[in-house]
Amino acid sequence: MDMIWKTAWLNVWRNKVRSLVVIVSVSIGIFGGVFAVAVMNGAIEQRVDAALNDEIAHIHVNDPAFRDNYDIKLLVPHPQQVLGTVRETPGVESLTSRILLTGMANTAAKSAGVQILGIDPPEEKEVLQLYKTTIPGTGDFFGEDSRHYLAYIGHELAKELNIVRFQIDQEVLDSLAAKGVPGEVLKKLSPFSGQRFKSEKSFKKEVKAVLSIKEQHAFGAVIRGEAWTFRARSKMTLTFLDREGMQTGAVFRIAGIYDIKNSMYEMSQVLVKKEDLAELAGIGRNDYHQLIIRLDDLESTEEVSATLRAHLPGLEVLNWKELQPDLAMMTEMVQKFYAIFMVIILAALAFGIVNTMLMVVLERTKELGMLTAIGMNKKRVFNMIMLESVFLSLVGGVAGMIISQIVIGATARKGINFASYAEGLEAMGYPAHIYPAISTSFFITVTVLIILTGVLSSIYPALKALKLDPAEALRTE
Amino acid sequence: MKVLEIKNVHKIYNSSEVKVHAVNGISLDFEKGEFAAIVGPSGSGKTTLLNMIGGLDSPTEGEILVDQTNLARLKSSKLIDFRMRNIGFVFQSYNLIPVLTAKENVEFIMSLQKWNKKDRDKRTFELLKAVGLEDRIESRPSKLSGGQQQRVAVARALASKPKFVLADEPTANLDSKSTETLLEIMELLNKEEGITFIFSTHDARVVKKARRVITVEDGKVISDERKN
C-alpha cells in the first residue's frame, strides 16, 4: 500500500502547473471560507461576551410576573432568604440585587424613555464589567464618589440628551494639529471654530461636507475624538412612578458614561444607586426586583438554573439563553451554518478537482492499462486515483488553513475596523471593530471536509479508470 | 514441464459490419525455459494471441492454461492477481511509471505482493545488476535512454519470478546497439533464471536469437521451428 501512496503523491506533481492551479484555487476557497467564518464567529463571540460580561450576566431571578410589565410592586418575596439560598448554590460565583423601574430621563434639550436600574456599585462590579467601559474623564460612579443621586448612563443616551456634545474651537484645532492632522484639513475645519453642533449626526454631516473621503478615513476618528466634549457637571432629571403610583423623581448628576458599542442598551439603561432609587420609589432598603447572578463556569448554566428552580419554586429563574434567545440561537445554530457554508465552498471546489482528475485519467490511459496488465487490481487503481485526489485537496486545504491562521492571527490582535457600518452594527449590539476568532474544532471539521471532498471528487474519475480495457488502453498513443 | 498450453484457441470480433477471425484455432505448448518468438505480418493475430496468453483478452473458443490454470475460469480480480504472480510483461514503449525511479519501478510489483523490504531490495538490486543498471537505480525514466528504460522494464517483468515473460515488440523503439544489449541480457536471464520468454516481433535480430520461431498468418500457425 505504501507504494501506492508514494506513487499517488508523486503523481500530484507530475504536471506542476495544473496541480498548482487546483491547489491555489482550493487554498483561496478555504481561506475565504475560514476567514469569513472567523469574522462572523468573532463578531458573535464578542456580542455574547459583551452581553454576558457587561449587560445580563448568566442568570436572573425575579417574580414570575415581573418581566411582563415591570410592576414596581412585584418585589422578590423573602429577599434575604432568597439571597442566602442563591449564595449557597454550587456554581454561583457572585450575585447582586437590583431595583428596576421604567421612567423618563430629561435634560433641557431632550427627553428619553429609560429603564432605571438601582444597583449596589461594589456588588455590581463583582458580577458585571460594565464599569470597565466608562469613558475616561466622565466620572467615578463605581469608585470613590459617594455622593447621592449620581447616574451612570450610556454614550448614546448622553448624545441624545446633549450631555455629550461635539464642538470645534481653537483648542480642538490646536490638539488636532498636535496629533498630526495636516494644515489643509484644519483650514477646512476652521470655519466651524466656536460652533457647537446640535447632535453627533449634524456634526458628522457638516464635517463630511467639507472633507474628502480620503481625509474622512484618515482623520475622521481623531477629529471626532477631539471635538467630543462632556460637561462635567451635567445633570438630568429622572421621573417615574413610585410604589403608590405617584409620579416622583429627582435630579441626578452624571457620574460616568459607559460605551459598550450597543446603541439600544446605551439608550435605555440608566444606573443609579439602589439606596437613592429605593428611597424615591418608596421601596424598602433590603427589597429588590431582581437578582443578577454570575457563574464560575459558563458550561454549568443549565445545571445551576435547574438547581435554582428547584430551590426557588415561587420565582422565575432565567438563564442567559432564555433571556436572550437570539444569542443562544447564534451560538448553537451558527456552528451548523458554518459547516453548511464550508460544504458549499468545497462542493464548488470539488468540480475543479473532478475536472482535473478526469484529465489525469484520460492522459494516463496507457499507463493505467499497463498497471492493470502487470497486476494492479481495481481496488488499488481506485485507491491510487482517490489518493491523488485527496492529496490535491489536502495540499490546497492545508495551504488555505495556514494562510487563514496567519491572517486570523494578525487580525485577531488588531481587529478589523468596520467603522463605515458602525451605526448599523452597534444598533444590533455588535461591535464595529471585530476580532476574528476560530475554534480548533472548526479547523478539524474543515480538514475532515477537505478529505471528504478529495474522496468524493475521485469517485467519478476512478470509475472511469476502472472501466478501461487494459488491452485497448495499451494500444493508446 | 509445460508452463503454458494453448488449446485450439479462437478469437472472433463481431463488429456491426464484419466478423473478424483474428485467431483461428491456434494450439501451442511452451516449456519452462523456452526462448520463443512469434512472428508474422501486421494483422496476423500475434498481438491478439499475446493478449489472450497474458489474460488481457479472453478467447471466443478454446482454452489457455498457465501452469495448469485455465485463465477463462478465473474471475476478474483473481485473474489480475494471477497475472501479477505468474506473468511478466515487457511492452514496446517500455511503460515505466515516470514518477518512480528505476529501483521503485522494479520493486513496484513486489510491493503489491507484500514482499518484505529486505527481500524486495535484494531482488531489485540483483535484477538491476543483471541488466547492467546497478549504477542507475535512483534514476527516473526521463533520465534513462530508451535501451536503459527497456532493461528496467525487463527487470520489472522478472521481479516476481513469473512463469513466463511476454514481450510485445520490445526492440521496436531501440537502436541496434541497445537491441543487441537487451537481447543478450534477456537471453542470459532466460538461461540463469529459467524463465520462459515469448516475443511477438518483426525484428530479425530477435528471430535470430530465438530458439523457437512460430510463424502466424491470418490467425493460424503456419510454422513452428525449434532450433538446436
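Two residues are in contact here if their C-beta atoms, placed from the backbone, lie within 7 Å. Keep that cut-off in mind on this tour of a predicted model.

**Stop 1: where the chains meet**

Show both chains and select the residues of each that touch the other. The selection should hold 19 residues from chain A and 19 residues from chain B. Now keep only the chain B side. Two elements there give two or more residues each: α2 (76-86) and α3 (102-112) of chain B. Of the elements on this side, α2(B) gives the most, with 5 residues. Colour the chain B side by residue class, and 11 residues come up as nonpolar, 5 as polar and 3 as charged.

**Stop 2: chain B alone**

Hide chain A. What remains has 7 helices and 10 strands. The radius of gyration of chain B is 17 Å, close to the 17 Å that the globule rule gives for 228 residues, so chain B is as compact as a globular protein of that length. Turn chain B onto its principal axes, and the C-alpha trace spans about 50 × 40 × 40 Å. Colour by burial next: buried residues are 47% of the 228 in chain B. If you draw the contacts in chain B with a separation of 6 or more, 71% of them belong to residues 24 or more positions apart.

**Stop 3: chain A alone**

Swap the display to chain A, which has 20 helices and 14 strands. How does its radius of gyration stand against that of a compact globule of 477 residues? Such a globule would have a value near 23 Å, but chain A has 31 Å. Along the principal axes, the C-alpha atoms of chain A fill a box of roughly 100 × 70 × 30 Å. Buried residues account for 40% of the 477 residues in chain A. Among contacts in chain A between residues at least 6 apart in sequence, 81% link residues at least 24 apart.

**Stop 4: the domains of chain A**

Give each domain of chain A its own colour. Select 2-51 together with 327-471 for domain 1, 57-162 together with 232-323 for domain 2, and 164-230 for domain 3. Then hide domain 1. The C-alpha centres of domain 2 and domain 3 of chain A lie 36 Å apart. Their contact takes 8 residues from domain 2 of chain A and 5 residues from domain 3 of chain A. On the domain 2 side, select helix α6 (residues 155-160) of chain A: this helix gives the most to that side, with 3 residues. By class, the domain 2 side has 3 nonpolar, 4 polar and 1 charged residues.

**Stop 5: a sheet in chain A**

Select β5, β6 and β7 of chain A. These 3 strands form an open sheet in the order β6-β5-β7, with antiparallel pairing. Which strands stand at the edges? They are β6 (195-197) and β7 (228-230) of chain A; each has a single partner strand, so one side of each is left without a neighbour in the sheet. Look across the strands: neighbours in this sheet are turned by 40 degrees against each other on average, direction ignored.

Strands of a sheet pair through backbone hydrogen bonds, either parallel or antiparallel. To see one pairing, zoom in on strand β5 (residues 164-168) of chain A and β6(A), which pair in the antiparallel sense over 3 bridges. End the tour by selecting Ile168(A), which stands opposite Gln195(A) in β6(A).

Key. Residues numbered from 1 in each chain as written. Chains lettered and ligands numbered in written order. Predicted model: local features only at pLDDT ≥ 70, side-chain atom pairs only at ≥ 80, totals over all residues. Helix = DSSP H or I, 4+ residues; strand = E, 2+ residues; numbered from the N terminus. Nonpolar A, V, L, I, M, F, W, Y, C, P; charged D, E, K, R; others polar. Rg over C-alpha atoms; globule rule 2.2 N^0.38 Å. Buried ≥ 20, exposed ≤ 12 C-beta atoms within 10 Å, placed from the backbone. Domains from an automatic or database assignment. Pairing = 2+ DSSP bridges. Axes fitted to C-alpha atoms, helices over the stretch in contact; angles between N-to-C directions.
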